[in-house]
Amino acid sequence: MAGTELQSTHVDTAEVPSAEWGWSGEAPKLFRTMGVIAAIFLLFMIIGNHQGRVEDWYLIGFAALLVLIIVVDAVKRRRPR
């Protein structure tokens, strides 16, 4: 009985191959979490053995851009359509 309920999703596996093994969607919380971790990693890369500070500005800029994208996505997902 439970097996028939799970297979009634009406998703074509030719269009969405991952539907065959039971997952067909996005994971926005995971994407946001990984984005924040990536931004923190970029900021930790400032600590290093490089001499110039141009690299630091690029790392800070990319981290800020990543955080901005995450915030804009979170705001857009909260707004009712």
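**View 1. D56 is in contact with I46 and H50, once its neighbours within four places in sequence are left aside.** Contact here means heavy atoms within 4.5 Å. Before going on, note that this is a predicted model, where local features need pLDDT of at least 70, side-chain atom pairs count only at pLDDT 80 or more, and totals for chains, interfaces and linings use all residues. Residues are numbered from 1 along each chain as its sequence is written, and side-chain values use heavy atoms, with hydrogens and water left out. D56 sits in helix α3; helices (H or I, at least four residues) and strands (E, at least two) are DSSP runs, numbered from the N terminus. With a relative accessible area of 8%, D56 is buried (buried is under 20%, exposed over 50%, partly exposed in between, using a 1.4 Å probe and protein chains only). Look for L43 as well: D56 and L43 are 13 residues apart in sequence, yet their C-alpha atoms are 8.3 Å apart in space.

**View 2. Stepping back, the protein has three helices and zero strands.** Follow the sequence and you get the pattern α-α-α. Of the 81 residues in the protein, buried ones make up 10%.

**View 3. Here helix α2 (residues 28-44) packs with α3.** Their axes are 8 Å apart, at an angle of about 160°, which makes α2 roughly antiparallel to α3. Axes are lines fitted to C-alpha atoms, for helices over the stretch in contact, and angles run from 0 to 180 degrees between N-to-C directions. Under 35 degrees counts as roughly parallel, over 145 as roughly antiparallel, 65 to 115 as roughly perpendicular and the rest as oblique. The two helices, α2 and α3, make a left-handed crossing (the near helix is turned anticlockwise from the far one by less than a right angle; clockwise would be right-handed).

**View 4. Now for the residues where α2 and α3 meet.** On the α2 side, look for P28, R32, G35, V36, A38, A39, L42 and L43. Across from them in α3 are L59, I60, F62, A63, L66, V67, I70, D73, A74 and R77. Sorted by class, the contact of α2 with α3 has 14 nonpolar, one polar and three charged residues. Ala, Val, Leu, Ile, Met, Phe, Trp, Tyr, Cys and Pro count as nonpolar, Asp, Glu, Lys and Arg as charged, and the others, Gly among them, as polar.

**View 5. Two residues to pick out are F44 and G61, one in α2 and one in α3.** F44 is exposed, at 56% relative accessibility. The C-alpha atoms of F44 and L59 are separated by 9.1 Å, with their places 15 residues apart along the chain. G61 is partly exposed, with a relative accessible area of 35%. From G61 to L42 is 9.6 Å, C-alpha to C-alpha, although they are 19 residues apart in sequence.

**View 6. Last up is the one aromatic pair in the structure.** Y58 and F62 form this pair, with 6.3 Å centre to centre and 35° between the planes, so it is tilted (rings of Phe, Tyr and Trp, its six-membered ring, pair if their centres lie within 6.5 Å; planes under 30 degrees apart are stacked, over 60 edge-to-face and the rest tilted). Y58 and F62 are four residues apart in helix α3 (residues 54-78), so about one helical turn separates them. Y58 is exposed at 55% relative accessible area, whereas F62, at 49%, is partly exposed.
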